[in-house]
Amino acid sequence: MEDEWLCTNAQDLADHLRELRHRRETLKADAAGSEKKRSALSADKRRIVLSKTGERCHVCGGLIKGPWQADHVLAHSAGGKDAVDNFLPAHDLCNHYRWDYLPEEFQEILRLGVWLRTQIEKGTPVGRSAAKSYLAHQKQRVGRREG
């Protein structure tokens with residue numbers, strides 16, 4: 001069932017996003033003292049993980065062809081175990097963007113992204129402003145990589 005919350009204004013939304021981040025950071029802090037070195041999955045365990053989703057990325061749903069990552073359901077940094085039942089297959093890029101967000105937090109990011117994409121496509125004032133800021137950010141990010 002989808003997280004049932006109702007934000008009535010921008011401040012409520014900002015508070016909600018901050019609370020999600022705080023929950024993630026608290027889990028990470030609680031797990032910091034007990035963090036163990038990650039252990040590699042064997043080829044047999046990787047096959048089990050990949051079969052869980054019919055060889056599809058659990059983030060985007062796309063078919064996995066070639067390299068993929070075993071993504072922790074509960075992030076290793078938040079205390080997630082290196083056990084087959086705590087992994088799902090993901091494209092490298094999808095796993096990179098999912099980062100160590102909690103599922104509820106990542107769902108909110110996806111909802112925001114889909115809404116903002118629509119605003120950009122429609123050419124609304126907020127969409128134009130966001131597109132301009134996003135492109136400047138991307139240019140700076142790419143420049144850092146090349147520099």
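## Exercises on a predicted model

Cys-94 touches Cys-57, Val-59 and Cys-60, not counting residues up to four places away in sequence; contact means heavy atoms within 4.5 Å. This is a predicted model, where local features need pLDDT of at least 70, side-chain atom pairs count only at pLDDT 80 or more, and totals for chains, interfaces and linings use all residues. Residues are numbered from 1 along each chain as its sequence is written, and side-chain values use heavy atoms, with hydrogens and water left out.

**Exercise 1. Place Cys-94 in the largest nonpolar core, and list the members of that core.**

Step 1. Set the criterion. A nonpolar core is a set of buried Ala, Val, Leu, Ile, Met, Phe, Trp, Tyr and Cys residues joined through side-chain atoms within 4.5 Å. Buried means under 20% relative accessible area, exposed over 50%, and partly exposed in between (1.4 Å probe, protein chains only).

Step 2. Read off the members. The largest nonpolar core has 11 residues: Leu-41, Val-49, Leu-50, Cys-57, Ile-64, Trp-68, Ala-70, Val-84, Phe-87, Ala-90 and Cys-94.

Step 3. Find the suppliers. At least two residues of this core come from each of α2 and β2 (87-90). Helices (H or I, at least four residues) and strands (E, at least two) are DSSP runs, numbered from the N terminus.

**Exercise 2. Is Arg-98 buried or exposed, and what does its side chain meet?**

Step 1. Locate it. Arg-98 is in helix α3 (residues 92-98).

Step 2. Check accessibility. Arg-98 counts as buried because its relative accessibility is 5%.

Step 3. List the neighbours. Leaving out residues up to four places away in sequence, Arg-98 touches His-58, Val-59, Asp-71, His-72, Val-73 and Phe-106.

Step 4. Look at the polar atoms. A polar atom of the Arg-98 side chain lies 2.5 Å from the backbone oxygen of His-72.

**Exercise 3. What is the phi of Glu-55, and what is that of Trp-99?**

Step 1. Take Glu-55. Its phi is positive, about 65°, although Glu-55 is not a glycine. Glu-55 sits in the loop between α2 (43-51) and β1 (69-72). With a relative accessible area of 42%, Glu-55 is partly exposed.

Step 2. Take Trp-99. Trp-99 is not a glycine, yet has a positive phi of about 50°. Its place is in the loop between α3 and α4 (103-122). Trp-99 is partly exposed, at 49% relative accessible area.

**Exercise 4. Which residues of α1 meet α4?**

Step 1. Take the α1 side: Leu-13, His-16, Leu-17, Leu-20, Arg-21, Arg-23 and Arg-24.

Step 2. Add the α4 side: Glu-104, Glu-105, Glu-108 and Leu-112.

Methods: A polar contact is a pair of N or O atoms within 3.5 Å; within protein, one must be able to donate a hydrogen and the other to accept it, and residues adjacent in sequence count only if both atoms are side-chain atoms.
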